[in-house]
Structure formats: structure tokens, C-alpha cells
Amino acid sequence: MHLALQNAETINRLVEQGEFLLKRFRDEHRKEPAGLETEFARGELIGWRSTLHTLYRDYAEDIVSRVVTRTGLTIPDGEVPSGATHAY
């Protein structure tokens with residue numbers, strides 16, 4: 001399944017959701033790097049990414065890359081499906 005074959009509106013919403021979650025994580029991390037809210041935000045972001053891998057498999061990282069490009073931020077370390085790459 002290639003992203004070009006997917007509903008563009010759905011992909012755009014997933015990118016927007018990823019942007020929101022990543023920015024929220026970064027805001028919380030700036031306030032208190034080891035805080036409970038930071039870890040909660042990290043978990044939400046990791047959950048979003050894991051769901052992408054479940055739904056879009058090899059093309060999930062295309063969505064993640066769009067988020068990283070649009071925000072200029074990196075995704076924090078965390079559990080992601082094998083084969084996925086991330087940086088902090």
C-alpha cells in the first residue's frame with residue numbers, strides 16, 4: 001500500500017496530529033525533562049507512531065518524516081516497530 005493511494009485528507013490529519021503531539025512533547029520537555037507530563041506526552045507520541053506502523057507498515061515513516069520536516073523537530077527515543085528509525 002503506497003501513501004499516494006491513501007486518502008489525502010486522512011494522511012494530512014495524521015500529519016497534523018503528529019505535529020501537535022511532537023510540539024506538545026517538546027514543550028513539556030522544555031519545562032521539565034523528567035516530568036510526568038513529559039513522559040505522558042512521549043507515550044502519546046510513541047503510541048501515534050506505533051499506530052502508523054500498524055496501519056501503513058513500510059510507509060509509516062513517510063508520515064513521520066513529513067512531521068519532522070514541517071516542525072523542524074526530531075522524534076524522541078522510544079519503542080517503535082523494528083526497522084523504523086528515530087533520533088532525539
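In the predicted model, Arg57 is exposed, with a relative accessible area of 63%. This value lies over the 50% cut-off, which is why Arg57 is classed as exposed rather than partly exposed. Arg57 belongs to the loop between α2, which covers residues 36-56, and α3. The backbone of Arg57 is notable for a positive phi of about 45°, although Arg57 is not a glycine. Most residues other than glycine have a negative phi. The positive value at Arg57 occurs just after α2.

The wider setting of this loop is a chain with 3 helices and 0 strands. Along the sequence, the pattern is α-α-α. Of the 88 residues in the chain, 35% are buried. The exposed area of the chain is about 5500 Å², of which carbon and sulfur atoms supply 52%. Among contacts between residues at least 6 apart in sequence, 59% join residues at least 24 apart.

Confidence in the prediction was also considered. The average pLDDT of the chain is 87, and 81% of the residues score at least 70. Over residues 80-88, however, pLDDT stays under 50. For these residues the model has 24 contacts beyond four places in sequence.

Helix α1 comprises residues 8-31. Its 24 residues reach 35 Å from the first C-alpha to the last, close to the 34 Å expected at 1.5 Å a residue. At the start of α1, a side-chain oxygen of Asn7 comes to within 2.7 Å of the backbone nitrogen of Glu9. The buried residues of α1 are Ile11, Leu14, Val15, Gly18, Glu19, Leu21, Leu22, Phe25, Arg26 and Glu28. The cover over these buried residues includes α2 and α3.

One member of this buried set, Glu28, has a relative accessible area of 16%. Glu28 counts as buried because this value is under the 20% cut-off. When neighbours within four places in sequence are left aside, Glu28 is in contact with Pro33, Glu37 and Thr38. Of these partners, Thr38 is itself listed among the buried residues of α2.

Helix α2 has 21 residues, which at 1.5 Å a residue should span 30 Å. The end C-alpha atoms of α2 are 30 Å apart, in agreement with that expectation. The buried residues of α2 are Thr38, Ala41, Arg42, Leu45, Ile46, Trp48, Arg49, Leu52, His53 and Tyr56. These residues cover an arc of only 150° around the axis, and they therefore lie on the same side of α2. The spacing of an α-helix helps in reading such a list: with 3.6 residues a turn, residues three or four places apart point the same way. The buried residues of α2 pack against α1 and α3. The face of α2 turned away from the buried side carries the exposed residues Leu36 and Thr54.

Arg49 illustrates the buried side of α2. This residue, located in helix α2, counts as buried because its relative accessibility is 2%, under the 20% cut-off. The side chain of Arg49 makes a polar contact with the side chain of Glu61, at 2.8 Å. Arg49 and Gly18 are 31 residues apart in sequence, while their C-alpha atoms are 8.1 Å apart in space. Gly18 is one of the buried residues of α1.

Helix α3 covers residues 60-71 and contains Ile63. The relative accessible area of Ile63 is 0%, and this residue is therefore classed as buried. The C-alpha atoms of Ile63 and Gly18 are separated by 8.5 Å, although the two residues are 45 residues apart along the chain. Gly18 thus appears in two of the pairs described here, once with Arg49 and once with Ile63.

Ser65 is also found in helix α3. Ser65 is partly exposed because its relative accessible area of 41% falls between the 20% and 50% cut-offs. The C-alpha atoms of Ser65 and Val15 are 9.2 Å apart, and the two residues are separated by 50 residues in sequence. Val15, in turn, is among the buried residues of α1.

Definitions and conventions: Residues are numbered from 1 along each chain as its sequence is written. This is a predicted model: local features need pLDDT of at least 70, side-chain atom pairs count only at pLDDT 80 or more; totals for chains, interfaces and linings use all residues. Side-chain values use heavy atoms; hydrogens and water are left out. Helices (H or I, at least four residues) and strands (E, at least two) are DSSP runs, numbered from the N terminus. Buried means under 20% relative accessible area, exposed over 50%, partly exposed in between (1.4 Å probe, protein chains only). Contact means heavy atoms within 4.5 Å. pLDDT is the predictor's confidence in each residue, from 0 to 100. Accessible areas come from the Shrake-Rupley method with a 1.4 Å probe; for residues, only the protein chains shown count as cover. A polar contact is a pair of N or O atoms within 3.5 Å; within protein, one must be able to donate a hydrogen and the other to accept it, and residues adjacent in sequence count only if both atoms are side-chain atoms. The expected span of a helix is 1.5 Å times one less than its number of residues. The arc is that of the directions from the helix axis to the C-beta atoms.
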